[in-house]
Amino acid sequence: MEMHDERQKAAAWFRELRDRIVSAFEALEDRGPANAPAGRFEIRETKRGEDGGGGLMSVMRGGRVFEKVGVNWSAVHGELSAAARQAMAARGVPGVEGDPRFWASGISLVAHMQNPHAPAVHMNTRMFWTPGAWWFGGGADLNPCLEYAEDTAHFHATLSAACAPHGADYYDRFKAWADEYFFVPHRGRARGVGGIFYDDLNTGDWHADFAFTRAVGEAFLPAFLPLAEKRMAQPWGEAEKDAQLIHRGLYAEYNLVYDRGTKFGLATGHDPEAVLMSLPPMAKWA
């Protein structure tokens with residue numbers, strides 16, 4: 001079950017989505033408050049070892065709208081570590097202890113905004129392959145420090161509409177999964193207002209599961225861009241900025257302590273700068 005064509009098709013689509021999001025974010029910078037030069041992405045290639053694949057790390061810092069945003073794409077391969085094999089076997093992935101080869105590709109995005117009224121956001125979609133299995137995962141979640149009910153409603157409605165054609169229960173299931181996954185146990189609270197999250201998606205129909213994963217990726221810009229555009233010029237003061245920085249501390253705690261993608265990226269030897277791209281440029285703890 002090598003799935004060469006399917007893997008190539010998935011990696012190409014993740015790369016295309018990355019390109020479209022980068023273009024859309026730079027266009028938003030051009031429309032942002034004219035109090036600074038419009039931001040642009042700095043792009044560099046990343047590598048996983050000498051022959052384990054790599055990707056593109058795209059980061060914009062200090063823009064009009066985005067204080068820091070990263071949009072990463074990767075396609076990596078190699079052999080799973082003993083710890084990773086053990087963890088996957090415990091999740092029911094067949095054959096990993098006998099054949100530790102893996103391949104993974106995806107897009108990962110985190111945006112931290114200049115204006116405290118504009119919500120931070122995370123999105124990723126990915127495909128994972130081992131000789132005995134394949135699956136998709138991903139999702140998107142909104143992380144405002146100052147919540148607006150209408151923004152939360154728009155974000156969730158857009159994701160719900162994306163899920164509906166692919167499974168009557170997908171939105172409810174994956175929203176509940178996001179609420180559980182993005183909970184910060186040591187703080188006793190969620191890191192944001194949720195979204196959807198799914199993993200280990202393999203219905204037996206690769207094309208259907210890939211179509212759903214594409215729908216999640218396609219929904220991101222319609223879900224998020226109107227919120228960023230609406231809030232990017234809203235007046236704010238020191239109290240709002242302080243609230244934003246404290247909320248970023250919560251976000252950093254979650255990503256460093258609990259996030260599965262962060263742990264996997266560091267454990268498999270991927271570029272640490274790319275793996276830790278999600279961390280905010282500034283944060284504080286009260």
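The structure, which is a predicted model, holds one cavity of 30 Å³ or more. Rolling a probe the size of a water molecule over the atoms shows where empty space is left. The largest cavity found in this way has a volume of about 90 Å³, and the elements that give two or more residues to its lining are strand 4 (101-113) and helix 6 (238-257).

The residues around this space can be followed along the chain, beginning with His112 and Met113, continuing through Pro116, Ala118, Pro119 and Ala120, then Asn143 and Cys145, and ending with Gln244, His247, Arg248 and Tyr251, which together line the largest cavity. Helix 6 supplies the largest share of that lining, namely four residues. When the lining of the largest cavity is sorted by class, seven of its residues are nonpolar, four are polar and one is charged.

From the cavity we can turn to Met232, a residue in the loop between helix 5 (206-231) and helix 6. Is Met232 buried or exposed? Its relative accessibility is 12%, and because buried means under 20%, Met232 counts as buried.

The surroundings of Met232 bring together residues from several parts of the sequence: leaving aside neighbours within four places in sequence, Met232 is in contact with Leu28, Arg31, Gly32, Pro33, Val65 and Asn115. A further spatial relation links Met232 to His117, for although these two residues are 115 residues apart along the chain, their C-alpha atoms are separated by 7.5 Å.

Key
Residues are numbered from 1 along each chain as its sequence is written. This is a predicted model: local features need pLDDT of at least 70, side-chain atom pairs count only at pLDDT 80 or more; totals for chains, interfaces and linings use all residues. Side-chain values use heavy atoms; hydrogens and water are left out. On a 1 Å grid over the protein atoms alone, a cavity is a set of points where a 1.4 Å probe fits but cannot get out, and a pocket is an open set with protein on both sides within 12 Å along at least five of seven lines; lining residues have an atom within 4 Å of a point. Grid points are joined across faces, edges and corners, and a volume is the space filled by probe spheres set on the points. Ala, Val, Leu, Ile, Met, Phe, Trp, Tyr, Cys and Pro count as nonpolar, Asp, Glu, Lys and Arg as charged, and the others, Gly among them, as polar. Buried means under 20% relative accessible area, exposed over 50%, partly exposed in between (1.4 Å probe, protein chains only). Contact means heavy atoms within 4.5 Å.
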